[in-house]
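Reader: Before I rely on the terms used for the binding sites here, I would like to see how each one is earned. Could you take me through the reasoning?

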Amino acid sequence: MQRILGVETSCDDTAVSIITDTGEILSNILSSQDDFHAKYGGIVPEVASRKHLELISIVVREALEQAGITQNEIDLIAVTHGPGLVGSLLIGVDYAKTLSYLLDKPIIGVNHLEGHLLSPRLFNADLRFPYLGIIVSGGHTQFMMVEDIGHYTVLAETLDDACGEALDKFGKILGIPYPAGPKIEQIALAGNPNAYTFSMPKIRDKTIALSFSGMKTAVSLLVQKMDPEEKEKNKADLCASFQEAVMKQILHIIQQLKPLYPFSGIAFSGGVSANQRLRDLAIHQSLRQVYFPSRILSTDNAAMIAYAGYQEYLLHGPMSLDFPVISRLEL
Ligand code: KG4
Ligand code: ZN
């Protein structure tokens, strides 16, 4: 049995996981920095990298303990080397390279987006290629044709904000702390999704794409007209309606792509795919098989990095120790 150590520090979560070559998760530790960044209303890169530096060795130790193995029993090290914040990426990559050198174990740099894209495969053995991989996170909103490991084509993406970013910015308007997505989901449970209408963007030239800037401006103008009492009274309706508009836009893209490509399934990933409203709407509206990662694997985690790293390693072998971090790494 092979054991793969995954390390993920691309943004604000310090995450380490150990999985086996059959996809069994032996440990999956995540130390979130949300409370620190909530104070500033978003991620402060310098704060994020300092926190990674404090946490990385503690989280690695915890992952080994939970898996019940020593570091010598690791067979492969997989680490996110992009896209993300350079300072944050460097902490994980340098730590992983040092471990690889000291333990004399192979290492592979992993694209964070490939981690998300393949994450639904970890618990859905019946998900077959080719599938429509939908990454909906704080940094990305991309619809990809996933033909095989390493064979990905972008079919549609956002023209401005990522959908998680749009939810977080909407949250800021209402004073909901960062990251707002999960809190909006909770508040929306008490609201009416049809209380306010945020119209679909008009995209030119028949391009299949998303855009959240119009919705953001509309909600911002609406809330500006409300006094604090009204804002509080309408909070649940605003959350439910804005969330609905974001999710419906995602589903609209699926409806446009479905007749054009021979997908065998539709697989969501990324933080926003943890949203139950999205899950309900997708299952209800889609005729073909819909897959989601387990909720813990939707948001950033290192099990998905270990998994994607192992798949790439099987195809291409390890990388040499001088591979770089690339903040704008593409798939
Ligand atoms: O994938 P992720 O953990 O990090 C990135 O790679 O960006 O995604 C984080 C994003 C944030 O914008 C957060 O507000 C959103 O995912 N998010 C959610 C939920 N959980 C996280 N959005 C809606 N509903 C949720 N339950
Ligand atoms: Zn992510």
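Author: A polar contact is a pair of N or O atoms within 3.5 Å. This is a predicted model, and in it an oxygen atom of ligand 1 lies 3.2 Å from a polar backbone atom of Gly164, so that pair falls within the cut-off and counts as a polar contact.

Reader: Which backbone atoms lie 3.0 Å from an oxygen atom of ligand 1?

Author: A polar backbone atom of Gly181 is at 3.0 Å from an oxygen atom of ligand 1, and a backbone N or O atom of Gly271 is also placed at 3.0 Å from an oxygen atom of the ligand. The protein covers 89% of the 550 Å² of accessible area that ligand 1 has on its own.

Reader: Why is ligand 1 said to lie between domain 1 and domain 2?

Author: Domain 1 (3–118 + 298–316) and domain 2 (128–292) both contribute residues to its shell, and therefore ligand 1 lies between them. By class, that shell holds 5 nonpolar, 11 polar and 3 charged residues.

Reader: What makes the site of the zinc ion (ligand 2) irregular?

Author: The 4 donor atoms make angles of 94 to 143 degrees, whereas four donors count as tetrahedral if all angles lie between 85 and 135 degrees, and as square planar if opposite donors are over 155 degrees apart, so the site fits neither description and is called irregular. His112 (NE2), His116 (NE2) and Asp300 (OD) coordinate the zinc ion at 2.1 Å. Of these, His112 in helix α4 and Asp300 in the loop between α11 (295–298) and α12 (303–316) are 188 residues apart, a pair that links distant parts of the chain.

Definitions and conventions. Residues numbered from 1 in each chain as written. Chains lettered and ligands numbered in written order. Predicted model: local features only at pLDDT ≥ 70, side-chain atom pairs only at ≥ 80, totals over all residues. Heavy atoms only, no water. Polar contact = N/O pair within 3.5 Å; in protein donor to acceptor, adjacent residues only side chain to side chain. Areas by Shrake-Rupley, 256 points an atom, 1.4 Å probe, with all protein chains shown as cover. Nonpolar A, V, L, I, M, F, W, Y, C, P; charged D, E, K, R; others polar. Domains from an automatic or database assignment. Donors = N, O, S within 2.8 Å, 3.2 Å for Na, K, Ca; no water. Tetrahedral: all angles 85-135°; square planar, octahedral: opposite > 155°, others 65-115°. Helix = DSSP H or I, 4+ residues; strand = E, 2+ residues; numbered from the N terminus.
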